[in-house]
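Student: I have a structure to go through and I'd like some help reading it. Could we start with the charges?

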Amino acid sequence: MKQIEEQFREFGVVPVVVLNDAKDAAPLADALAEGGLPCAEVTFRTEAAEESVRQIAGKYPDMLVGAGTVLTKDQVIRAVDAGAKFIVSPGFDPEIVDACLEKGIPVFPGCLTPSEVAQAVKRGLEVVKFFPAEQFGGVSAIKALAAPYTMLKFMPTGGINAKNLSDYLSCDKILCCGGSWMVKGDLIENGEFDKIRELAKEAVELVKNIRA
């Protein structure tokens with residue numbers, strides 16, 4: 001868990017990817033890695049997600065690939081068997097969190113309320129997701145929620161882009177941000193992997209400038 005958290009901090013941004021066809025997994029991984037951002041959270045919203053994780057993990061064993069939008073224990077098992085190194089869920093589901101902890105799988109559940117954060121802290125988690133970030137108050141909400149829980153860091157996702165990334169990463173309570181602006185669905189479907197590579201490079205430079 002600690003190693004992955006350190007990688008998250010180093011990257012600053014975790015590309016949140018929706019893949020409708022597993023054939024796009026390898027070229028997408030190429031583009032992100034070449035752009036200096038060898039990390040991806042592949043959302044389990046599509047039938048291609050499991051195979052996409054398997055292909056990325058197989059081609060890039062050192063790439064930090066995980067599964068997002070995980071809603072069931074079955075998805076946890078399938079994702080990990082495919083090579084996912086971490087699990088992200090949109091909300092706090094005790095069954096999913098406990099299953100991951102029992103198996104030693106890094107998990108980052110969504111927490112929006114003090115009650116959800118308390119359950120995460122009770123289980124020893126030190127990083128949780130905050131989703132959807134912009135719609136639920138953004139940085140100010142995270143600061144307020146973090147105040148009683150000084151040991152906790154947040155990974156906000158939802159509505160974050162190159163324009164407001166600085167607002168989030170400038171907050172010491174935020175470990176990294178999830179974002180999809182460099183891996184938009186139309187870019188993937190149109191095969192614009194060169195554009196994705198350039199956007200990944202820009203994201204890397206942006207993080208460096210913000211945290212310099």
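Tutor: Let us first fix a term: Lys and Arg count as positive and Asp and Glu as negative, while His and the chain ends are not counted. The place of a charge is taken as NZ of Lys, CZ of Arg, CG of Asp or CD of Glu. Keep in mind that this is a predicted model, in which local features need pLDDT of at least 70 and side-chain atom pairs count only at pLDDT 80 or more, whereas totals for chains, interfaces and linings use all residues. Residues are numbered from 1 along each chain as its sequence is written, and side-chain values use heavy atoms, with hydrogens and water left out.

Student: Okay, so how many positive and negative side chains does the protein chain have?

Tutor: There are 23 positive and 30 negative side chains in the protein chain, and the centres of these two sets lie 4 Å apart.

Student: And how many salt bridges are there?

Tutor: A salt bridge here is a side-chain nitrogen of Lys or Arg within 4 Å of a carboxyl oxygen of Asp or Glu, and by this rule the count comes to 14.

Student: Which residue does Glu50 pair with?

Tutor: Glu50 forms a salt bridge with Arg54, and their closest N and O atoms are 3.5 Å apart. Both residues lie in helix H3 (residues 49–59), four residues apart, which is about one turn of the helix. Helices are DSSP runs of H or I with at least four residues, strands are runs of E with at least two, and both are numbered from the N terminus.

Student: What about Arg54 and Glu51, how far apart are N and O there?

Tutor: The side chains of Arg54 and Glu51 also meet in a salt bridge, at 3.1 Å from N to O, and these two residues of helix H3 are three residues apart.

Student: Why does Arg54 count as partly exposed?

Tutor: Arg54 counts as partly exposed because its relative accessibility is 34%, given that buried means under 20% relative accessible area, exposed over 50%, and partly exposed in between (1.4 Å probe, protein chains only). Glu51, at 32%, is partly exposed as well.

Student: Switching topic, which residues are linked in a network of salt bridges?

Tutor: The network links Glu34, Asp194, Arg197, Glu198 and Lys201. Within it, Glu198 and Arg197 meet at 3.9 Å, N to O.

Student: Last one: what does the whole chain look like in terms of helices and strands?

Tutor: The protein chain has 10 helices and eight strands, and buried residues make up 52% of its 212 residues.
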